[in-house]
Amino acid sequence: MNVPDTNSNTEIKTTDQLKTVISDAIHSQNITDIHTHLFSPPFDELLLWGIDELLTYHYLIAEVFRKSDVSYQQFWRMTKAQQAELIWQTLFIENSPISEACRGVVTTLDELGLDVSSRNLQDYRDYFADTTVEAFIDTVFESANVSKVVMTNDPFDPAEAPVWESGDTGDTRFEAALRMDVLINSYEDTAYEHLRGLGYEVDPTLSSEKGYKEVRRFLETWIQRMNPKYMAVSLPPDFQYPDDSVLGRIFDNCILPISREFNVPFALMIGVKRAVNPQLKMAGDGTGKADLTSLETLLRENPDNKFLVTLLSRENQHELCVIGRKFKNLMIFGCWWFMNNPSVIEEITRERIELLGLSVIPQHSDARILDQLIYKWKHSRQIIADVLVEKYQSILDVGWTLTTSEIERDVNNLFGGNFERFLNGN
Ligand code: RAT
Ligand code: ZN
């Protein structure tokens, strides 16, 4: 975290000064990125980076089919390099790359010092071929001014297991989040067998105290192994709580007690409709508006539990802010996935600050490819800065006084302080 310098108690007098102070504070503040899909180097192939990964990001895969005649079958038969070439040709050469996901690639290449006007894919490939992943992590963290990233760690993924078992996840800038999607959303199909295979005496419908105890034991083991910042799950828009299904029983008997006992918040990412178009594979998920009554109930009935929440539907965002005003055990975070577009980030950030002041975590990157930290944070920082200028200006206009260090304090809270306090508080 940045320590405000002692000369920053000067009062801000003009709009130009305000803009400069906010811009400096936002750009010099290092960020804790609370939700990514990045991995530290020991996870090996799970850590994605480089131009071909950037171009085959699933957000771009969804876009390429709209502009290319390639069939799903043809596309999935291609190698990654061929897919990247098709996406480059279709979305960057034959059309202008102005969607947010395309623009992100252009910003990233530019920030890395590559010549975007050359449009020379081979040059970009050569740049990545000449660097090591360790060196590139430093380049990216420095360029994005990110100090920590929280990974998404699936205890059911055999590719992650050896690293967790080794006890060494390498680079400490990468922290863990214990992802619960398989346990919660696929208990009967996948998790049950897996747990049995590991010697946990669970029952197929998870409806006995013995089964709950075993799932708690599984969670405890993984909390000790990963030391996660939080446990997390993505949920469909029609998620219900309370509920006498596996989900409701796992919440009440396993996750919520463990979350309290270990002081590990539970992150809910609500509103994803998985596989709306299965032909698109990972790019095939959609969004839907949730009924937030369930979230209110969860927050009200579990006041000693801490919840981090982000929602995927634009229509839910205002209601979520109102819920935030009612429950201090809720920390709203990020503009998730289809919300992570400039116009929506701007709208949501303004709405959150108007309703909740500075008590939110305005953004996370959701980066899947290391390089994306650069553009996702560059784009979001600018929008957050613009909203802050407007809000601070409105109180300066009526005679409120502000100092540089006060603005630095606020920015520090938005980009890391609020998260730390939420994790560490009671
Ligand atoms: O934003 C994404 O990349 C999505 O595919 C999801 O991973 C989503 O963020 C999630 O965490 O489920
Ligand atoms: Zn994600």
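The questions and answers below look at a buried cysteine, a threonine, a cavity and a sheet in a predicted model.

This is a predicted model, in which local features need pLDDT of at least 70 and side-chain atom pairs count only at pLDDT 80 or more, while totals for chains, interfaces and linings use all residues. Residues are numbered from 1 along each chain as its sequence is written, chains are lettered from A and ligands numbered from 1 in the order in which they are written, and side-chain values use heavy atoms, with hydrogens and water left out.

Student: Is Cys335 buried or exposed?
Tutor: Cys335 sits in the loop between strand 10 (330-332) and helix 16 (342-356), where helices (H or I, at least four residues) and strands (E, at least two) are DSSP runs numbered from the N terminus. Buried means under 20% relative accessible area, exposed over 50%, and partly exposed in between, judged with a 1.4 Å probe on protein chains only. Because its relative accessibility is 0%, Cys335 counts as buried.

Student: Which backbone oxygen does the side chain of Thr349 reach?
Tutor: Thr349 belongs to helix 16 and is buried, with a relative accessible area of 3%. Its side chain comes to 2.6 Å from the backbone oxygen of Ile345.

Student: Which residues does Thr349 touch, not counting residues up to four places away in sequence?
Tutor: Touching is a contact, which means heavy atoms within 4.5 Å. With residues up to four places away in sequence left out, Thr349 touches Ile384 and Val387.

Student: Which helix gives the most to the lining of the largest cavity?
Tutor: On a 1 Å grid over the protein atoms alone, a cavity is a set of points where a 1.4 Å probe fits but cannot get out, and lining residues have an atom within 4 Å of a point. The largest cavity is lined by Thr349, Arg352, Ile353, Val360, Pro362 and Leu414. The greatest share of that lining, 3 residues, comes from helix 16.

Student: Which strands stand at the edges of the open sheet of 3 strands?
Tutor: Two strands pair if DSSP finds at least two bridges between them, and this open sheet has the order 1-2-3, with parallel pairing. Each edge strand has a single partner strand, so one side of each is left without a neighbour in the sheet, and these are strand 1 (31-33) and strand 3 (174-175).

Key. Polar contact = N/O pair within 3.5 Å; in protein donor to acceptor, adjacent residues only side chain to side chain. 1 Å grid on protein atoms, 1.4 Å probe; cavity = no way out; pocket = protein on both sides within 12 Å on 5 of 7 lines; lining within 4 Å.
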